Amino acid sequence: MRRLRVAVIDLVTKGPTRALFARAMHANMASIMPQVIATWCEAEGHDVSFVCYTGLEDLAEQLPAQVDLVFIGSFTEAALLAYALSNQFRSSGAVTVLGGPHARCYPEDAAKYFDYVLGFTDRSVVRDVLRDCSRHRPRGLHLSAEKQPPALPGVRERWKYIELTLRKAPLLKIVPMLASLGCPYTCSFCIDSTVPYQPLDLDVLKEDLRFLLRTVKRPRVAWHDPNFGVRFDETLDAIEAAAPPESIDFIAESSLSLLSEPHLQRLQRNGFKAVLPGVESWYEMGNKSKTASRKGAEKVEQVSEHVRLILRYLPYVQANFVLGLDVDEGAEPFELTKRFVDMTPAAFPGYSLLSAFGRAAPLNLEFQRERRVLPFPFHFLDNNHAMNVRPKNYSWPDFYDQVISLTRHTFSWGAIARRFSAMRGAMPRAMNVVRAISSEGFGRIAYYSEVRRRLDSDLPLRRYFEQETTELPEFFTAQVRKDLGPFWSSLPPGALQHDPNGYLMSETVRPPFAQSKPERRARSRARSLP
Ligand code: B12
Ligand code: SF4
């Protein structure tokens, strides 16, 4: 195989930003897989350049000039930037590859702009791409391993790229790790509901923790597992074998059902500092939060008590909620969340607007069948700049009124002060203030208020929301143009539009992928999209 000049680009964000939160945290939100791809390509004997774009640097300046093959890792929110980059690299002769959440959710669309679109990616898929490394146009090749990779390079092997990325983090420097992939639960809105749970090699985990203890003064690790601690005892045994108590700070996303008091005691002993459980809704997802059939106010009481219990052991809890689910109706769900915020002042509530990311989740088929998915450009699909599912039980103005009222309640100066004094530790306190006054709190209040104002005054925008037209309102086009800056001119024609029902279409023209875990059909490798 000839020695290729390979570039790997991790798009943490979609455009330039100066937000306080971005400065503090974007480098800590880098993905693991681009580092993995870079490590694999190098191990195959190629020259690799690596760029992690956090929005603070001049991207054009960072891009390598002469490359044969470019891998881009992108969430859907950064897809348009990825498309523009691909276009630019292709016109200078390179072959381009897209991987990551956008490639998994919208492969049909991405294949219009990339030579390869990768789903599950293991080393042999990467090897296939490196060997083939040729143009596939007008439609790219969709390649996917049959399942998640059985093993991934650990921290030690990825260190070169981790270090490069963390140089961009001013204070907190957080190393991303994985102990497992997939999830045994089947929440219908989740991308992992159809991916079987699979623990990764605990010896690699131990070796990585020991490496970090030798290399970094006070390591901080964020577990990127979709649901950390499913095999709780085995995983904690491995952590304990490698790292003395309190020698590493850990952050993890775990479902509430895994956070029992004995588990919390053990997590505390081992330096866990933050957990991000999903509450999602006051009316469903009981199996995740261990609230069984409790609903509404009763569930608020129970979850609040549970979160306060967690906070006795761990200093930082982010409780995640989805706003606009079909079970929600009227003011009640929003009022219940406000009550939770008041009853649990030390927890940070993370809000997401219901979003259907293409073929991410089985539930999306239902939304598409009901023609409730709006074609907002990918740029806005980040769980808050647009809700691309028409709410079942709210008009748009009513829905935005509720969301604004909840966000104002959560990020009022009174609530910020209460959160500050209810918490322990300088770092968690500072983090919450930054989040509240930066893009997440104040920024969203301003943005939602502007959308709400326009729902009354901007007729083209209102007609777009009401699905009376698919013509994109200037309000949205202008934001994409501004964010892409110099890359706007490279955005391929048509990229602002996508088929919001592409998943349903692909399922009706060929036999559907089975949805339940046991019946999941293996996806074929090297399958060209129709
Ligand atoms: C951990 C996680 C995070 C972490 C770390 C993020 C990161 N940069 O990796 C944090 C908390 C920071 C985070 C934040 C956000 N997240 Co998040 N997150 C996840 C989570 C739980 C696990 C992802 C993961 O790392 N899995 C492990 C890897 C190894 O597996 P994988 O993702 O399946 O990847 C496979 C392939 O896709 C491929 N691959 C992946 N990346 C790449 C890159 C290249 C170059 C290639 C070739 C291949 C490749 O190889 C892997 C092995 O098969 C998923 C949900 C889930 N259950 O998957 C959501 C998820 C990825 N997040 C999501 C979202 C929306 C967000 C936020 C926008 C939320 C918000 N409003 O803040 C932000 C954006 C952050 C950002 N831009 O970096 C969505 C993405 C949907 C989409 N299509 O864009 C998901 C799918 C959840 C959902 N809503 O369904 N997230
Ligand atoms: S518990 Fe979490 S990761 Fe698992 S299926 Fe449900 S939402 Fe997805």
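1. Strand 1, residues 5-11, is a mostly covered element, with six of its seven residues buried. This and everything below is read from a predicted model, and the values should be taken in that light.

2. Strand 1 has two parallel partners to consider. With strand 2, residues 47-53, it runs parallel and is joined by seven bridges, and within that pairing valine 8 stands opposite phenylalanine 50. With strand 3 the pairing is again in the parallel sense, over six bridges, and here alanine 7 of strand 1 stands opposite valine 70 of strand 3.

3. The surroundings of ligand 1 deserve a careful look, since 34 residues surround this ligand, the closest being Val12, Met29, Arg104, Gln148 and Asp192. By residue class, the shell divides into 18 nonpolar, 11 polar and five charged residues. Helix 2 (32-43), strand 3 (69-74) and helix 5 (101-105) each supply at least two residues of the shell.

4. Three individual atom pairs with ligand 1 can be checked directly in the model. A nitrogen atom of the ligand lies 2.7 Å from a backbone N or O atom of valine 12, and a nitrogen atom of the ligand is also placed 2.8 Å from an N or O atom in the side chain of threonine 76. On the side of arginine 104, an N or O atom of the side chain is 2.4 Å from an oxygen atom of ligand 1.

5. Turning to the interior, the largest nonpolar core has 135 residues, and those with the most contacts inside it are Trp223, Phe272 and Phe399. Helix 4, residues 79-91, gives the most to this core, contributing eight residues. Apart from this core lies another, of 34 residues, which includes Val6, Leu69, Leu130 and Ala145.

6. Tryptophan 223 merits its own entry. When its neighbours within four places in sequence are left aside, its contacts include Met177, Leu178, Ala179, Leu205, Phe228 and Ile239, and also among them are Phe250, Ile251, Ala252, Glu253 and Phe272.

7. Which residue is 468 residues from glycine 15 in sequence, yet 4.7 Å from it in space, C-alpha to C-alpha? That residue is aspartate 483, found in helix 21, residues 474-484. Leaving aside neighbours within four places in sequence, aspartate 483 is in contact with Lys14, Gly15, Pro16 and His379, and a polar contact of 2.7 Å joins the side chains of aspartate 483 and histidine 379.

Definitions and conventions. Residues numbered from 1 in each chain as written. Chains lettered and ligands numbered in written order. Predicted model: local features only at pLDDT ≥ 70, side-chain atom pairs only at ≥ 80, totals over all residues. Heavy atoms only, no water. Core = buried A, V, L, I, M, F, W, Y, C linked by side-chain atoms within 4.5 Å. Buried < 20%, exposed > 50% of the residue type's maximum accessible area, 1.4 Å probe, protein only. Helix = DSSP H or I, 4+ residues; strand = E, 2+ residues; numbered from the N terminus. Contact = heavy atoms within 4.5 Å. Near = heavy atom within 4 Å. Polar contact = N/O pair within 3.5 Å; in protein donor to acceptor, adjacent residues only side chain to side chain. Nonpolar A, V, L, I, M, F, W, Y, C, P; charged D, E, K, R; others polar. Pairing = 2+ DSSP bridges.
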